[in-house]
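Reader: I would like a close look at one part of this protein, namely its charged side-chain contacts and the framework that carries them. Please take the sequence and the model together.

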Amino acid sequence: MISEQEILNASILIVDDQEANVQLLGEMLRDAGYACIASTNDPYEVCPLHQKDHYDLILLDLQMPGMDGFQVMEGLKEIETDGYLPVLVITAQPAHKLRALAAGAKDFVSKPFDLIEVQTRIHNMLEVRLLYKKLEHYNQELEQTVLERTAELRASEARFRRLTELSSDWYWEQDENGHFTKIFGPVLEMLGIRIDDELGITRDDQGARWNETELEMLETNLASRRPFLDFVYSRTNPDGSRQYLMVSGEPMFDSSGRFTGYRGIGKDVTDSMHPNDESPTNE
C-alpha cells in the first residue's frame, strides 16, 4: 500500500501559461501538504524537465500558445516508453476532455477550479501512479531475482553433473512407471543400449545376455520403492566376456508424498572384479 506521506512527497510539475493559475494550484498543493512542487509557463520546457526529474504527476494546461497540451503529451510519450503518461490535464473546454483521455492523459480538471475536486483527483491519481511505480519496481526486482536464481541453478546443475562424472559413469532418472526420463553420461554407448523415445524402455542391440536372477533382484528393489546402494549385476557379452555394473538409487516423492520415480548413479566395475569373482547379488 501507498502511505499518505509517500503521496505528499510525490514530485509534481504544474504547466500553465497563466502565472495566476500556476500560483493558485501551487498554493493549493502546498496547503494540502505536498512538498515537491515545480512549475513552468513554457510548454517547450515540459519534456526536458520530465526527462531530467521524472515527475510523478504533471498538471498540464491544454490551451497554451506556441505548443498546446496535446503536442506536449506527444513528446512525453517518447519519454514514457511504457505508455503510462502521469498527466492530469487542465481545460476549460468540455470537448477537450475525451480527446485528452484518448491522447493518454489519465484524468482532467475543469476551469474554473473547484479546489476540493482538484485535490481529490490529484490525490487519487498520485496513489495510482505510485502503486504503478512500486509494482514496476517489484517486477524488475523479481525479474532480476529470476535471472540470478536461474544462473545459480545452471551453475548448480553443472557442478552436479561434474561431480556425477567424477564419482560415477552415469546418472539416471525414471518416472513412476519405470521409464527412463534422464540419463547423463556415456552408459548408452558403453553398453550398446538405446532408449525407445516413445516407450522409454531399453533394448539391447549387441546380443548380450543379462543375469536374469540379478535383474529380478534389481526390479524387486525398484518395485518395492526402497533405496539401494552399490547393487552389482552383470551380463555376458557375445564374445563371452563378463561385464559388471554397480548402481545405486533412491525413490523420489513429491510434496504430497506421491511416488514419482527413481534417480541414481551407475558405474562399470568390471575392471575391479577378479576373474573368479561372482556378483555379490548371486549369493
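Reader: With which residue does Arg149 form a salt bridge, and how far apart are the closest N and O atoms?

Author: The model is predicted, so local features need pLDDT of at least 70 and side-chain atom pairs count only at pLDDT 80 or more, while totals for chains, interfaces and linings use all residues. Residues are numbered from 1 along each chain as its sequence is written, and side-chain values use heavy atoms, leaving out hydrogens and water.

The partner of Arg149 is Glu152, with 3.6 Å between the closest N and O atoms, in a salt bridge (a side-chain nitrogen of Lys or Arg within 4 Å of a carboxyl oxygen of Asp or Glu). Both residues belong to helix H6, where a spacing of three residues separates Arg149 and Glu152 by about one helical turn; helices (H or I, at least four residues) and strands (E, at least two) are DSSP runs, numbered from the N terminus. Arg149 is partly exposed, at a relative accessible area of 48%, and Glu152 likewise counts as partly exposed, at 44% (buried is under 20%, exposed over 50%, partly exposed in between, with a 1.4 Å probe and protein chains only). Elsewhere, salt bridges that share partners connect Asp16, Asp61 and Lys111 in one network.

The structure holds twelve salt bridges in total, and a further one of them brings together the side chains of Glu80 and Arg129, at 3.9 Å from N to O. This pair links distant parts of the chain, since Glu80 sits in the loop between H4 and S4 whereas Arg129 is in helix H6, 49 residues apart. Both ends are classed as buried, Glu80 having a relative accessible area of 11% and Arg129 one of 6%.

Another salt bridge joins Asp107 and Arg121, whose closest N and O atoms are 2.8 Å apart. Because Asp107 lies in strand S5 and Arg121 in helix H6, the pair ties together parts that are 14 residues apart in sequence. Here the two ends fall in separate classes, with Asp107 buried at 16% relative accessible area and Arg121 partly exposed at 24%.

Strand S5 leads from these contacts to the framework, an open sheet of five strands in the order S2-S1-S3-S4-S5 with parallel pairing. S2 and S5 (107-110) stand at the edges with a single partner strand each, so one side of each has no neighbour in the sheet. Strands count as paired if DSSP finds at least two bridges between them, and strand S1 (residues 11-15) meets strand S2 (residues 36-40) in the parallel sense over five bridges, with Ser11 opposite Cys36 of S2. Strand S3 (residues 57-61) and strand S4 (residues 87-91) are likewise parallel, over four bridges, and Ile58 has Val87 in S4 as its bridge partner.

One further contact concerns helix H4 (residues 69-79), which contains Glu74. Glu74 is partly exposed, with a relative accessible area of 45%, and its C-alpha is 8.8 Å in space from that of Gly104, although the two residues are 30 apart in sequence. Returning to helix H6 (residues 115-167), Val146 also has its place there and, at 44% relative accessibility, counts as partly exposed.
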